[in-house]
Amino acid sequence: MSINSRPTGETPVQDVQRLKRNAVGTVGVIFMAVATAAPITAMVGNVPIAVGSGNGSHAPAGYIVATVVLGLFAIGYATMAKHITTTGAFYGYISHGLGRVVGMASGGLITMAYVVFEASLIGIFSFFAQNMLLSQLGVHVHWIIPALLMLTANAILTYFDVNLTAKVLGVFLVTEIVMLALGAVAVLFRGGGPQGFAVAETLNPLGAFSPAAGIAGASAGLGLFFAFWSWVGFESTAMYGEESRDPKRIIPRATMISVLGVGAFYVFVSWMAIAGTGPDRAIELAQDADTASEIFFAPVRSTYGEWAIMVFNVLLVSGSFACGMAFHNCASRYLYALGREGLSTRLQKTIGATHPTHGSPHIASFVQSGITLVIILSFLFAGMDPYVHMYTLLAILGTMAILIVQSLCAFSVISYFHIRKNHPVSKHWFKTLVAPGLGGIGMLYVVYLLWQHKDTAAGTASGTLLFTLTPWIVVGLFVLGAVLATYFKLRDPRRYELIGRIVYEDSEIRD
């Protein structure tokens with residue numbers, strides 16, 4: 001499928017292959033974005049850490065703070081999406097707002113983040129699948145078996161158009177949301193736990209900045225970081241613009257619904273879990289990894305019985321699979337976006353190509369599968385654990401990269417509308433200046449929190465070489481992208497003009 005797409009500015013028309021149009025609607029885009037957040041994994045995995053080592057029973061308040069900051073970021077991001085429709089998302093937005101050099105540097109960094117996120121989620125999927133098979137069926141399998149099965153399934157499903165993936169993710173997403181909601185609603189109708197709803201102990205926003213009481217070494221910053229970590233991937237709404245039915249409407253709407261909807265859900269579910277268990281009891285349970293999940297499981301077990309815990313464990317497996325598949329789609333589209341721009345003719349004809357029937361970035365998808373296979377086998381041959389090492393280390397690497405790029409994207413919104421003075425009709429003191437400015441500063445604060453607590457977040461994996469190299473990988477890729485863009489600027493200005501400029505102007509903004 002080809003379309004003549006004119007990059008903004010004085011760049012000549014480039015004949016590029018585009019993704020399948022009208023393949024997905026608002027609900028599908030929301031499913032794709034929310035699946036990357038993996039609600040059940042975020043809740044059962046992150047909340048206990050925040051409770052036990054972070055801001056204690058005020059973990060739900062940490063989610064309130066994260067919702068506000070990310071909501072501010074999303075306001076500017078959604079406004080940008082009304083004017084720029086590109087699969088490159090962050091890459092395209094930053095190129096337009098902060099320039100091509102910063103755009104190329106950010107494009108390489110964000111692509112790396114999504115590439116490693118798939119392998120990270122395969123790690124935790126393998127861990128959950130291995131444990132479920134052992135506990136439910138008494139069957140022990142090596143973790144590499146479910147890892148390779150998930151990798152294969154991702155490659156097959158994403159070969160077809162995005163609508164198929166959206167439907168599969170939708171089924172998994174709805175089931176995990178229903179299960180989390182059942183547990184929360186049970187506590188709500190029961191009137192809370194031993195201390196009632198414990199509103200003051202859980203929802204006071206000021207409490208999000210206080211460490212867990214009585215816990216040596218607890219840090220409110222760690223709790224806030226894990227709250228923000230639970231949203232990673234929501235910004236992927238923009239990369240499905242070219243495949244959506246009305247991108248100027250759908251992408252801004254899906255972005256705000258994803259951020260605010262997920263935020264409200266996270267606050268409610270974490271609040272009910274802690275209230276149902278009891279704030280003091282929840283902090284006690286969270287001190288031991290073997291009992292931490294009881295913050296969620298205990299209220300569910302007491303209300304519905306042991307069968308519900310079995311369903312919970314199954315959904316942890318399917319939820320991590322859905323999240324990994326969503327990240328595979330994200331990584332494939334970033335690889336495709338970078339490849340199609342004509343910076344390299346060979347790349348444009350391979351990873352920059354789309355399937356003639358399905359309109360999917362099928363070659364970029366297979367490349368992503370190949371990279372992920374190499375990563376998985378590297379951890380296998382190094383004798384590393386799929387959860388302790390592969391999931392944790394790659395998640396920290398990807399999160400550090402994505403938070404930096406998110407911050408740059410927030411500031412690019414300000415530059416695009418107020419410094420470069422594009423689209424004066426959308427220029428607004430709050431939507432395009434104050435909101436993205438506060439959101440960007442908030443993102444930089446989270447980067448600081450990650451840096452400050454990276455050893456705690458990595459746990460026993462903090463002594464590995466990959467952990468030591470993580471900040472250097474992030475800085476190195478950013479510098480490499482900037483150097484590459486500068487090379488094109490000096491040696492091949494025509495190609496330099498293409499950086500981040502393949503956008504689609506085939507639909508007007510509809511107010």
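**Exercise 1. The largest pocket**

Which residues lie nearest the centre of the largest pocket, and how many residues line it? Work out what the lining is made of, too.

*Solution.* Keep in mind that we're working with a predicted model.

- Step 1: start at the middle. G45, I49, A289, A292 and Y387 lie nearest the centre, and the lining comes to 41 residues.
- Step 2: find the elements behind it. Those giving two or more residues are α2 (39-53), α5 (100-137), α9 (220-229), α13 (306-339), α16 (386-419) and α18 (454-458). The top contributor is α2, with 9 residues.
- Step 3: sort by chemistry. You get 24 nonpolar, 15 polar and 2 charged residues.
- Step 4: add the volume. The space in this pocket is about 1,200 Å³.

**Exercise 2. The second largest pocket**

Now do the same for the runner-up: find its volume, its lining and the element that gives the most to it.

*Solution.*

- Step 1: the volume of the second largest pocket is about 400 Å³.
- Step 2: it's lined by 16 residues, with M104, G108, T111, L338 and L484 closest to the centre.
- Step 3: at least two lining residues come from each of α5, α13 and α19 (465-491), and α19 gives the most, with 5.
- Step 4: the lining splits into 11 nonpolar and 5 polar residues, with no charged ones.

**Exercise 3. Two helices**

Check the span of α3 and how enclosed it is, then look at burial in α12 and what follows that helix.

*Solution.*

- Step 1: α3 covers residues 59-81, which is 23 residues. From first C-alpha to last it reaches 32 Å, close to the 33 Å expected at 1.5 Å a residue.
- Step 2: 20 of those 23 residues are buried, so α3 is largely enclosed by the rest of the structure.
- Step 3: in α12 (residues 294-304), the buried residues include E294, I295, F296, F297, P299 and V300.
- Step 4: after α12 comes G305, with a positive phi near 105°.

**Exercise 4. Two cysteines**

Why are C323 and C330 not bonded to each other?

*Solution.*

- Step 1: recall the bond itself. A disulfide covalently joins the sulfur atoms of two cysteines.
- Step 2: set the cut-off. The two sulfurs have to be within 2.5 Å.
- Step 3: compare. The cysteine sulfur closest to that of C330 is in C323, 9.1 Å away, which is too far for a bond.
- Step 4: check the total. The count of disulfides is 0.
- Step 5: look at the surroundings. C323 is buried, at 3% relative accessible area, and C330 is buried at 0%.

Notes:
Residues are numbered from 1 along each chain as its sequence is written. This is a predicted model: local features need pLDDT of at least 70, side-chain atom pairs count only at pLDDT 80 or more; totals for chains, interfaces and linings use all residues. Side-chain values use heavy atoms; hydrogens and water are left out. On a 1 Å grid over the protein atoms alone, a cavity is a set of points where a 1.4 Å probe fits but cannot get out, and a pocket is an open set with protein on both sides within 12 Å along at least five of seven lines; lining residues have an atom within 4 Å of a point. Grid points are joined across faces, edges and corners, and a volume is the space filled by probe spheres set on the points. Helices (H or I, at least four residues) and strands (E, at least two) are DSSP runs, numbered from the N terminus. Ala, Val, Leu, Ile, Met, Phe, Trp, Tyr, Cys and Pro count as nonpolar, Asp, Glu, Lys and Arg as charged, and the others, Gly among them, as polar. The expected span of a helix is 1.5 Å times one less than its number of residues. Buried means under 20% relative accessible area, exposed over 50%, partly exposed in between (1.4 Å probe, protein chains only).
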